[in-house]
Amino acid sequence: MLAVLSPGQGSQKPGFLTPWLDLPGARDRLTAWSALAGVDLVHLGTEADADEIKDTARTQPLLIAAALLAAEQLPLDGVGLVAGHSVGELGAAAVAGVLTPADAITLAGVRGREMAAACALQPTGMSAVLGGDPDEVIATIEKHGLHPANRNGAGQVVAAGALDALAEFAAAPPARARVIALAVAGAFHTPYMAPAETALAAAAAGVSVTDPARTLLSNLDGTAVSGGAEMLSRLVRQVTAPVRWDLCMRTFKDLGVTAVLELPPAGTLAGLVKRELKGEGAPEIVTLNTPDDLSAARDLIARHGTAQH
């Protein structure tokens, strides 16, 4: 089984969309999506510097546009499973057929703007915790009044909450663990994002959905979601709920995923999969970053896609 992955915030790089604009119709598509997202996706993907595309309001629709622009070049009928990390779930939902690309882009624009606004309300942030005993790491995070916002597997947890609590946590980290402050605007996937969840729910109320055409995993618990309405509800809840990417990867293993294709900007999720699902039976991995990678991506789908089994 082939899994197609849609990455989340932090995976973007300056100029990463530039080579995609050489594809017929790509610039027109991005221009149309820019109107829906409320940001200039062509500029952000080609000319903007790292600081500009770090802005949550800009980053989130940019990532979904990149993933869907690349997905349009692929024979998706052969894809058996899709999953996304954080905002990447909007891309995954579109690839699965739950949302139209236009609705996914629109919701990403709302999500990004409203999460950026929520970040401005209180001084909050996030820190990666690498290593340590998983149970001890979670217990120490919660002891400091913080939230385990991302559980990414491969020995990586992200703590989120008030900046003063994060500083205290970093000063007394769990045994055998390193704490690294992340350059993010605030505490995503925690109750601090409640105003953004409310705003996204209002936007989602006007969106029509269909049931997924292929297996679609949820960050909430790593399970497959069979109903479009349920997935839309989970996409809204995900703004304040932890990202359980560790459970998504466990489901990859349980379902017998043999290959992973990460949509652009690719690399982050592929790295997590490579570290978590290693040894005998480890999936073959292709990262799709430029149109030059499309032939390898299509070959992977041909060899591992559901149409061949």
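## Salt bridges and a one-sided helix

D221 forms a salt bridge with R234, and their closest N and O atoms sit 3.0 Å apart. D221 lies in the loop between β7 (215-216) and α9 (228-237), while R234 is in helix α9, so the pair ties together parts that are 13 residues apart in sequence. Keep in mind as you look around that this is a predicted model.

How exposed are the two partners? D221 counts as partly exposed, at 29% relative accessibility. R234, on the other hand, has a relative accessible area of 12%. The cut-off for buried is under 20%, so R234 counts as buried.

Stay with R234 for a moment, since its side chain also meets that of E230 in a salt bridge (3.0 Å, N to O). This one stays inside a single element: R234 and E230 both lie in helix α9, 4 residues apart, which is about one turn of the helix. E230 is partly exposed, with a relative accessible area of 38%. Put the two pairs together and you have D221, E230 and R234 linked in a network of salt bridges.

Now move to another part of the chain. Which residue does R29 pair with in a salt bridge? Its partner is E72, and the N to O distance between the side chains is 2.1 Å. R29 belongs to helix α1 (residues 26-37) and E72 to the loop between α3 (56-71) and β2 (81-84), so this bridge ties together parts that are 43 residues apart in sequence. Both ends show some surface: R29 is partly exposed at 34% relative accessibility, and E72 is partly exposed at 38%. In the whole model, the count comes to 8 salt bridges. As for the general idea, side chains of opposite charge can pair when their charged atoms come close.

Helix α9 comes up again when you turn to helix α8 (residues 194-204). Which residues of α8 are buried? They are A196, L200 and A204. Looking down the axis of α8, you'd find these buried residues within an arc of 70°, so they line one face of the helix. On the other side of α8, T198 and A202 are exposed. And what do the buried residues of α8 pack against? They pack against α5 (101-119) and α9. So if you follow α9 through the model, you meet it both as the helix that holds R234 and as a packing partner for the buried residues of α8.

Key: Residues are numbered from 1 along each chain as its sequence is written. This is a predicted model: local features need pLDDT of at least 70, side-chain atom pairs count only at pLDDT 80 or more; totals for chains, interfaces and linings use all residues. Side-chain values use heavy atoms; hydrogens and water are left out. A salt bridge is a side-chain nitrogen of Lys or Arg within 4 Å of a carboxyl oxygen of Asp or Glu. Helices (H or I, at least four residues) and strands (E, at least two) are DSSP runs, numbered from the N terminus. Buried means under 20% relative accessible area, exposed over 50%, partly exposed in between (1.4 Å probe, protein chains only). The arc is that of the directions from the helix axis to the C-beta atoms. Contact means heavy atoms within 4.5 Å.
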